[in-house]
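Could you walk me through this model in the viewer, one selection after another? I would like to know what to pick next and what is there.

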Amino acid sequence: MSVRPTIVLVHGFWGGAAHWAKTIVELDRLGHTGIRAVEIPLTSLADDAERTRRMVRQVDGPVLLVGHSYGGAVITEAGDLPNVVGLVYVAAFAPDAGESPGGLTQEYPPAAAANLEPDSDGYLWIRADAFHDSFAQDLTPAEGLVMAVTQKAPLASTFGDAITAPAWRSKPSWYQVSTEDRMIHPDNQRRMAARIDPRTIIELPTSHASLASDPVSVAALVDQAAGSV
């Protein structure tokens, strides 16, 4: 009897582990009992990857890493541990060696780039009044308001942190493209997805917050990956 991998969910910029709430419920409905969601500090790629590795090391058995947005860069960097058996990218960065989220973004500027603003401490925020339209336009205004107020800003310098050895070169991967994404250009997502040669690519007509606006489809992709590894 095969052992289902533990699913470790990694959030991205401007949110925390709770962004996965609806997807977690769907994964539980699909029978997954080993689900964890790491809370990364968003202070540097090295810090965020190490926090993720520490959680992975606590798991006795195979791990499927799932990253949303910047979390894709994190799983790319942290997925080299031997018990990581696969990577799932949810509207996420999938950089190659030497590439950074900021560099990739500059090549394909997203629609909402103008709505980012730094503060005096070096953190980069999405303007609260523009959060719903920028990040989660297919959620309700109330949900967008909560995300805006509770957003977790990254240190702006994190955008420039580059990948060392991309795990997708040696681990099987899956990718979900959000076709209405205003935070990571959909064509950028398609380019990164094609480059990593995933076992499955799906496109959803969703915002950047696909993990919350279409959790059924996102959980189904994760479930497919978990069943394949």
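Here is a tour in five stops, with a selection to make at each one. Keep in mind throughout that this is a predicted model.

**Stop 1: helices H2 and H3**

Start by selecting residues 45-57, which are helix H2, together with residues 71-78, which are helix H3. Their axes come within 9 Å and cross at roughly 65 degrees. H2 and H3 are therefore roughly perpendicular to each other, since the range from 65 to 115 degrees counts as such. The crossing of H2 and H3 is right-handed.

Now show the side chains at the contact. From H2, pick Leu45, Asp48, Ala49, Thr52 and Arg53; from H3, pick Ala73, Val74, Glu77 and Ala78. Colour them by class and you should find five nonpolar, one polar and three charged residues in the contact of H2 with H3.

**Stop 2: Val74**

Stay in helix H3 and centre on Val74. Is Val74 buried or exposed? With a relative accessible area of 0%, Val74 is buried. Leave aside the neighbours within four places in sequence, and the residues in contact with Val74 are Val10, Ile40, Leu45, Asp48, Ala49 and Thr52. Leu45, Asp48, Ala49 and Thr52 should be familiar from the H2 side of the contact with H3.

While you are here, draw a distance from the C-alpha atom of Val74 to that of His11. The separation is 9.1 Å, for two residues that are 63 residues apart along the chain.

**Stop 3: the aromatic cluster**

Next, select Phe13, Trp14, Tyr70 and Phe159, which form one aromatic cluster. How many aromatic pairs does the model have? The count comes to six aromatic pairs.

Take Phe13 and Phe159 to begin with. Their ring centres are 4.5 Å apart and the planes are at 35 degrees, so the pair is tilted. Phe13 sits in the loop between strand S1 (6-10) and helix H1 (21-29), while Phe159 sits in the loop between helix H6 (141-149) and strand S7 (173-178), so the pair ties together parts that are 146 residues apart in sequence. Turn on a surface and check how covered they are: Phe13 counts as buried at 2% relative accessibility, and Phe159 is buried with a relative accessible area of 14%.

Then swap Phe13 for Trp14 and keep Phe159. The rings of Trp14 and Phe159 have their centres 6.0 Å apart and their planes at 45 degrees, so this pair is tilted. Trp14 belongs to the loop between S1 and H1 and Phe159 to the loop between H6 and S7, so here the pair ties together parts 145 residues apart in sequence. Both Trp14 and Phe159 are buried.

**Stop 4: helices H1 and H9**

Follow the chain from the S1-H1 loop into H1, and add helix H9 (residues 215-228) to the view. The axes of H1 and H9 come within 8 Å and cross at roughly 55 degrees. That makes H1 oblique to H9. The crossing of H1 and H9 is right-handed.

Which residues make the contact? On the H1 side, they are Lys22, Thr23, Glu26 and Leu27; on the H9 side, look for Pro215, Val216, Val218, Ala219 and Val222. By class, the contact of H1 with H9 has six nonpolar, one polar and two charged residues.

Just past this helix, select Gly34, in the loop between H1 and S2. Gly34 is partly exposed, with a relative accessible area of 24%. Leaving aside neighbours within four places in sequence, Gly34 is in contact with Pro5, Thr6 and Ile7. Gly34 and Val8 are 26 residues apart in sequence, with their C-alpha atoms 8.5 Å apart in space.

**Stop 5: two backbone angles**

Finish with the backbone. Most residues other than glycine have a negative phi. Select Leu42 in the loop between strand S2 (35-38) and H2: Leu42 has a positive phi of about 60 degrees although it is not a glycine. At 0% relative accessibility, Leu42 counts as buried.

For the last selection, go to Asp197 in the loop between helix H7 (186-196) and strand S8 (200-204). Asp197 has a positive phi of about 55 degrees and is not a glycine. Is Asp197 buried or exposed? Asp197 is exposed, with a relative accessible area of 63%, whereas Leu42 is buried.

Key: Residues are numbered from 1 along each chain as its sequence is written. This is a predicted model: local features need pLDDT of at least 70, side-chain atom pairs count only at pLDDT 80 or more; totals for chains, interfaces and linings use all residues. Side-chain values use heavy atoms; hydrogens and water are left out. Axes are lines fitted to C-alpha atoms, for helices over the stretch in contact, and angles run from 0 to 180 degrees between N-to-C directions. Helices (H or I, at least four residues) and strands (E, at least two) are DSSP runs, numbered from the N terminus. Angles under 35 degrees count as roughly parallel, over 145 as roughly antiparallel, 65 to 115 as roughly perpendicular and the rest as oblique. A crossing is left-handed if the near helix is turned anticlockwise from the far one by less than a right angle, and right-handed if clockwise. Contact means heavy atoms within 4.5 Å. Ala, Val, Leu, Ile, Met, Phe, Trp, Tyr, Cys and Pro count as nonpolar, Asp, Glu, Lys and Arg as charged, and the others, Gly among them, as polar. Rings of Phe, Tyr and Trp (its six-membered ring) pair if their centres lie within 6.5 Å; planes under 30 degrees apart count as stacked, over 60 as edge-to-face and the rest as tilted. Buried means under 20% relative accessible area, exposed over 50%, partly exposed in between (1.4 Å probe, protein chains only).
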